[in-house]
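Here are my notes on the model you sent over. Have a look at the structure first, then go through the points in order.

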Amino acid sequence: MSQHLWSGRFDSAPDPAAFDFGVSFPFDRRLFEDDVTGSMAWAEALHRAGILDAKDADAITKGLAAILEQGRSDPAWVSGPDEDVHSFVERQLVARIGDAGRRLHTGRSRNEQVSVDLRLYLRRRIPLLQKKIAAVIQAFADQAERAGDALMPSYTHMRRAMPVLVSHFLLSHAAALRRDHGRLEAAREEANALTLGSGAIAGTGYAIDTQALAARLGFSRVVANSMDASSDRDFAATFLSAASLAMVHLSRVAEDFILMTSEEFGFFELADSSATGSSMMPQKKNPDPLELVRGKAGRAIGHLTGFLITMKGLPTGYNKDLQEDKEPLFDVEDTLAVSMDATAAVVGKLTLNRERTGRAASGLLLATDVADYLVARGMPFRQAHEVVGAMVRGLLADQRDFEDLTLAEWRTASDLFGDDVTARITAAASVRARQTPQSTHPDAVAAALAETRSWLARQAGL
Ligand code: ARG
């Protein structure tokens, strides 16, 4: 007997069908490093509280250090018939140092331990995801730089709206990803609280200095309530939510470039290295990586939804259902990581077809500029909208553009039009007419690019 951390109370071995069902070691082995880190600090805390003598504390700390070393140099060693990673580490410790190892779990429960492990894990892993987000932002900034003064149409309702700089469009995705970066930071901070000292639910019966323990483990604070700590994994849900939103943004990036690299748009060209061919149709150059990113967003959202549903009916206290936090969390982490990498690679190698985007940026989408021209000369906007609407109707019927109109024709529409109108009504003049810092005015976009670059430099320095 006594193969499990809890065998003492039972007079028969567990039914494999039931026990194997509850085993989490195949996936919670990812928490190995954090479990050992947490246990080392716990042993020190027990010693400082006078519960472990110096000899035992020292044996435990050295034993755990050796276990950490072995697990790091040989990750495949972190495996076995154990119920979970906590049981594995304890078994290895007892095998190494004997009885002293059996004192480590004094005053501690796996309920708080698994929570602390997962918090340490997120604290350590979220910065790696943030680096990958920064790499995508970098790819957009580099493309924005290269795009220079190239113009393209913007869209509302997927219909041409107003001319914008291509760089403004590219930086729009960078702006959204910056928020994802910030949301992951907030998720990291939410996870950054020590649960040890909570015991199984009521708090531990030993005088552990939890503030010192939190400081030792680099936590910014201690949880406020032991029952809450044992019952809740909302910090995991916050991570899933932040990561899912980042996937939503990547999915929209993917959709934009799937469309804009198509034969119909031809605004950008996918690098051969970012595309795949068809087994049947020799002409095909498919945006598979982008489609997969778009598809995987659904998977992340599914994990978030699934875990929220897992938590919603739980009575207060630890419930084994909470073990269902880890597989979605790890999968979403992996999914976000590979999706960011793929997106950075594809975006970094896009080629802009500035001739096509420029051509698509002029034409009837200059109608708002024509109306603004009239407003600048005193016409009320509603009336100007009416006048220009009628002009658009005529141009559509004749299959012509504003650029084709002679001055006489302009003046037929309204005698407020002067001979500067042909210079004013172009895509380049349209973007220069925007006046706010968040607009596509070339100076505003240059400032946004510079701000993005300095943010990236700060991230690289962290
Ligand atoms: N694998 C468990 C989890 O993830 C660890 C805690 C187990 N606690 C218990 N009382 N069975 O939640």
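1. Surface first: about 21,800 Å² of the protein chain is exposed, and 54% of that comes from carbon and sulfur atoms. The areas are Shrake-Rupley values with a 1.4 Å probe.

2. Keep in mind that this is a predicted model, where local features need pLDDT of at least 70 and side-chain atom pairs count only at pLDDT 80 or more, while totals for chains, interfaces and linings use all residues. Residues are numbered from 1 along each chain as its sequence is written, and side-chain values use heavy atoms, with hydrogens and water left out.

3. On overall shape, the radius of gyration (over C-alpha atoms) is 30 Å for the protein chain, against near 23 Å for a compact globule of 462 residues. That globule figure follows the rule of 2.2 Å times the number of residues to the power 0.38. Along the principal axes, the C-alpha atoms fill a box of roughly 100 × 55 × 40 Å.

4. For secondary structure, I get 19 helices and 6 strands in the protein chain. These are DSSP runs, numbered from the N terminus: helices are H or I with at least four residues, strands are E with at least two.

5. One residue to click on is Thr 343, which sits in helix α12 (residues 326-348). Thr 343 is buried, with a relative accessible area of 1% (buried means under 20%, 1.4 Å probe, protein chains only). Leaving aside residues up to four places away in sequence, Thr 343 touches Val 136, Leu 250, Val 253 and Val 293 (contact means heavy atoms within 4.5 Å).

Terms used. Buried < 20%, exposed > 50% of the residue type's maximum accessible area, 1.4 Å probe, protein only.
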